[in-house]
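Reader: I am new to this structure and would be grateful for a close look at a single part of it. Could you take the meeting of the two domains and explain which pieces take part, and then place it beside the other contacts?

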Amino acid sequence: MSLKQIIKEAITKRAGPIGFDEFMDMALYYPGLGYYSSGVTKFGEQGDFITAPETSDLFGYCLARQCDEFINGENDILEFGAGTGILATQILFELGRLDNLPNKYYILELSAELRYRQKQTIGKVLPEIIDRVVWLDSLPSDFSGVVIANEVLDAIPAKRLICLDGNFYELVVNWDNDKFVWKVAESVFTNDKALLPNNTVNEYKTEVNYRAMAWIDSLYKSMNECLVLLIDYGMDRSEYFHPQRDEGTLRCYHKHKASDNPFANIGEQDITTSVNFSDIAHQALESGFEVAGYATQAMFLISLGIDNYLSKEDNENERIKLAQQVKQLVLPNAMGESFKVLALTKNLTTNPRGFSEQDLRHKL
Ligand SMILES: C[S@@+](CC[C@H](N)C(=O)[O-])C[C@H]1O[C@@H](n2cnc3c(N)ncnc32)[C@H](O)[C@@H]1O
């Protein structure tokens, strides 16, 4: 049966619409058929989008410099949703150069296909330390070290809302006339977690991500002593609910083309929503974390010395290539400002170096 058919059946079985979070969950993660669970090429030029570690090794080298402060020869690293495995190789390679490898590099990956690719990538580039890399099926208990999630929060299924006559309603997914359609839920949306904007214009659409907030809470419970780095496209609450963002932040990516139609190319396109970092930070505080820093990706990488890698490169052709990559990572009209880094800590007092040049916590 096709994924479209499976989702349609979920709606007919319930005799009513499903939440957009349920639709997104099936479209991305349905075993064997969801976008992240199937064999379709997702990352890189042949796929649908390019992430920061796919853009340049310098991204992972800078992250390694941030990990270096917290490893001290005894702690571990835990990466969520490790994509092709390239970020893990960059971090382990650079920590090896710094002579500060973690005891274990854990990867928690939902997709069996991606796990396989990660094993191939890391085994090929760093065969001598593949034994340190361990794939987990669930959150570890009593973890100490650094947790990394690059572009993971945006892939956690969100709810979609619409404002009508001053009240928010959930936008749910129905099957009608042989296709998926949006439907406004009958009752007003009640919520006790996320702050929604007041005085919103009619038909304003937006998203809330309760599953991401629940994920933060369970992360806190499984940690002993840690620094968590959440890197993603997103913004603080006032920007998230800017009156001009009236179509929300839902985006789909297929072959490097963006659209706002999650009902096309089901199982073959990425579906994402931007991260409301204020909601994540507030949930983190409620769970017990400290919020240790918030900065643009550009300033985070600059604080960790991305420019030093350029100035140390002797080969001119190589330097030109690296300069292009750095531009992609730090320029405001590329990934520099739309991507942010949020740092959370549990039982740690050191201030992470990545926020020495900029700390925007007051905006959250
Ligand atoms: C856009 S990809 C990012 C991949 C990679 N981090 C990179 O930067 O290239 C999103 C990844 O997040 C993973 N993911 C989503 N929710 C997750 C969760 N709760 N636990 C672990 N991985 C998750 C997906 O399976 C997918 O591999």
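Author: What follows begins with the two domains and the side on which they touch, and then turns to two helix pairs and the ligand. The model is a predicted one.

According to the domain assignment, domain 1 is made of residues 3-38 together with 158-208, while domain 2 is made of residues 52-157, 210-249 and 270-363. The C-alpha centres of domain 1 and domain 2 are 29 Å apart. Where the domains meet, 23 residues of domain 1 are in contact with 20 residues of domain 2. On the side of domain 1 that touches domain 2, at least two residues each come from α2 (20-29), β6 (159-164) and β9 (205-208). Of the elements on this side of domain 1, α2 gives the most, with 6 residues. Sorted by class, the side of domain 1 that touches domain 2 holds 13 nonpolar, 3 polar and 7 charged residues.

Two helix pairs may be set beside this meeting of domains. In one pair, helix α5 (residues 86-97) packs against helix α6 (residues 112-125) at an angle of about 30 degrees, and their axes are 8 Å apart. Angles under 35 degrees count as roughly parallel, and therefore α5 is roughly parallel to α6. The crossing of α5 past α6 is right-handed. From α5, the residues I86, A88 and T89 meet Q118, T121, I122 and V125 of α6. In this contact of α5 with α6 there are 4 nonpolar residues, 3 polar ones and no charged ones.

In the other pair, helix α7 (residues 210-221) packs against helix α9 (residues 277-287) at an angle of about 35 degrees, with the axes 9 Å apart. Here, too, α7 passes α9 in a right-handed crossing. The residues of α7 that make the contact are A212, M213, I216, D217 and Y220, and those of α9 are D279, I280, Q283, A284 and S287. By class, the contact of α7 with α9 has 6 nonpolar, 2 polar and 2 charged residues.

Last comes the ligand. There are 21 residues around the ligand, and T51, G81, G83, N150 and E151 come nearest among them. The shell around the ligand consists of 13 nonpolar, 5 polar and 3 charged residues.

To return to the part requested, the side of domain 1 that touches domain 2 draws on α2, β6 and β9, among other possible contributors, with at least two residues from each, and α2 gives the most.

Technical notes:
Residues numbered from 1 in each chain as written. Predicted model: local features only at pLDDT ≥ 70, side-chain atom pairs only at ≥ 80, totals over all residues. Domains from an automatic or database assignment. Contact = placed C-beta atoms within 7 Å. Helix = DSSP H or I, 4+ residues; strand = E, 2+ residues; numbered from the N terminus. Nonpolar A, V, L, I, M, F, W, Y, C, P; charged D, E, K, R; others polar. Axes fitted to C-alpha atoms, helices over the stretch in contact; angles between N-to-C directions. Parallel < 35°, antiparallel > 145°, perpendicular 65-115°, else oblique. Left-handed = near helix turned anticlockwise from the far one by under 90°. Near = placed C-beta within 6 Å.
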